[in-house]
Amino acid sequence: MSNQTSPYARAQREGREALRRAILDAAGRLLAEYGPQALTVRRVAAEVGCSTTVLYTMFGGKVGLADALYREGFERLTRRLEEAEKAHDAPEDPVARAAALAIAYRESALADRNYYDVMFGRAIPGFEPSQESLAVGDASLGMLADAVREAMDAGVLIEGDPKAVAEVLWAAAHGVVSLELAGHFTPEVAQDRYRTLCWAALAPFLVGPESGGG
C-alpha cells in the first residue's frame with residue numbers, strides 16, 4: 001500500500017473527522033475479522049497507514065479507541081433514527097413514528113455491524129464505556145421512549161412508563177437483529193421475523209379490546 005493510497009493519506013486530504021472515521025472503521029474491521037487481540041494501537045496504525053503517534057494523539061491509547069468505537073456506533077445509530085423521523089410520511093401517527101425508528105434500528109445494525117458488536121455484543125472483553133459514551137447510547141433509546149410517550153399521550157398506547165415499553169420493544173428488535181447478524185436468518189426471513197416480533201412486542205400496550213388493554 002503506497003503512502004498516497006493508504007486510508008490515512010486519503011482521510012488526511014478530507015480532514016480530521018474523515019481521519020477519525022477511517023481509523024475507527026479500520027479498528028472495527030480488525031476486531032470483527034481477528035478478534036479483540038487485534039485491537040492494538042500498533043495493529044490499527046498499520047492497517048490505516050499512519051504512525052502510532054497519530055492514534056495516541058487522537059484517542060489516548062487502546063482504551064480510548066475502544067470507547068470511541070462504542071460512541072461512534074451510537075452516534076451513527078442516532079443519526080439514522082433522526083433521519084427516519086424526518087422521512088416517515090405520517091408525522092401525525094405516533095405508531096408510524098415508532099415503526100420508522102424500528103426499521104432504522106435494523107438498517108443501522110446491518111450497515112454498521114462491526115460497531116453493533118461493540119455496542120451490544122461485548123466484542124471487547126473487559127471494556128466499560130465512559131459515562132459520556134453511555135449518555136450517547138442512552139440518547140438513542142431515549143428517542144424510542146419519546147415516541148412511546150407520544151403514542152401514550154395520543155391514546156394509542158396504554159398509559160405507563162415509556163422507558164419500560166421502549167426497553168421491551170428494543171429487546172425484541174435486538175433479539176432478531178442479533179440472530180440475523182449471526183447468520184441464523186436470511187435477510188428476507190429476518191425482515192419478516194423482525195416485523196412480526198416488533199408488532200407482537202407492541203401489541204400488549206395497544207389501547208383497544210384486541211390488546212386486552214382497553
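A residue counts as buried when its relative accessible area is under 20%. Keep that cut-off in mind, everyone, for the predicted model we are looking at today.

Let's begin with Y115. This tyrosine has a relative accessible area of 4%, so by that cut-off Y115 is buried. You will find Y115 in helix 7, which covers residues 113-120. And what does Y115 touch, once neighbours within four places in sequence are left aside? The contacts are R21, L24, D25, L69, E72, G73 and R76. Another way to see how the chain folds back here is to look at R29: 86 residues separate R29 and Y115 along the chain, yet their C-alpha atoms are 9.2 Å apart.

One of those contacts deserves a stop of its own. E72 sits in helix 5, residues 62-87. Is E72 buried or exposed? The relative accessibility of E72 is 1%, so E72 is buried. Setting aside residues up to four places away in sequence, E72 is in contact with R20, R21, L24, R79 and Y115.

Now to the charged pairs. The count of salt bridges in this model is 17. Let me walk you through three of them.

Take R21 and E17, whose side chains form a salt bridge with an N to O distance of 4.0 Å. Both belong to helix 2, residues 16-34, and because they are four residues apart there, about one helical turn lies between them. R21 is partly exposed at 33% relative accessibility, and E17 is partly exposed too, at 43%.

Next come D112 and R76, joined by a salt bridge of 3.0 Å, N to O. This pair connects distant parts of the chain, 36 residues apart: D112 is in the loop between helix 6 and helix 7, while R76 is in helix 5. D112 is buried, with a relative accessible area of 14%, and R76 is buried at 14% as well.

The third pair is K163 and E167, where the closest N and O atoms are 2.5 Å apart. These two are four residues apart in helix 9, so about one helical turn separates them. K163 is partly exposed at 46%, and E167 is partly exposed at 32%. Stepping back to the wider picture, salt bridges with shared partners tie E17, R20, R21, D25, E72, R76, R79 and D112 into one network.

From charges, let's turn to the nonpolar side. The largest nonpolar core contains 64 residues. Which residues have the most contacts inside this core? They are I23, L39, V44, L55, F59, L65 and Y194. Look at F59 for a moment: leaving out residues up to four places away in sequence, F59 touches R20, I23, L24, G64, L65 and A68.

My last stop is the largest pocket, with a volume of about 840 Å³. Forty residues line this pocket, and those closest to its centre are Y105, L169, W170, A173 and Y194. Several helices share the job: helices 5, 6, 7, 8, 9 and 10 each supply at least two lining residues. Which helix gives the most to the lining? That is helix 6, with nine residues. As for character, the lining divides into 29 nonpolar, four polar and seven charged residues.

If you would like one residue to look for on your own screen, try Y194, which is among the residues with the most contacts in the largest nonpolar core and also among those closest to the centre of the largest pocket. Thanks for listening!

Definitions and conventions:
Residues numbered from 1 in each chain as written. Predicted model: local features only at pLDDT ≥ 70, side-chain atom pairs only at ≥ 80, totals over all residues. Heavy atoms only, no water. Core = buried A, V, L, I, M, F, W, Y, C linked by side-chain atoms within 4.5 Å. Buried < 20%, exposed > 50% of the residue type's maximum accessible area, 1.4 Å probe, protein only. Contact = heavy atoms within 4.5 Å. 1 Å grid on protein atoms, 1.4 Å probe; cavity = no way out; pocket = protein on both sides within 12 Å on 5 of 7 lines; lining within 4 Å. Points joined across faces, edges and corners; volume = space filled by probe spheres on them. Nonpolar A, V, L, I, M, F, W, Y, C, P; charged D, E, K, R; others polar.
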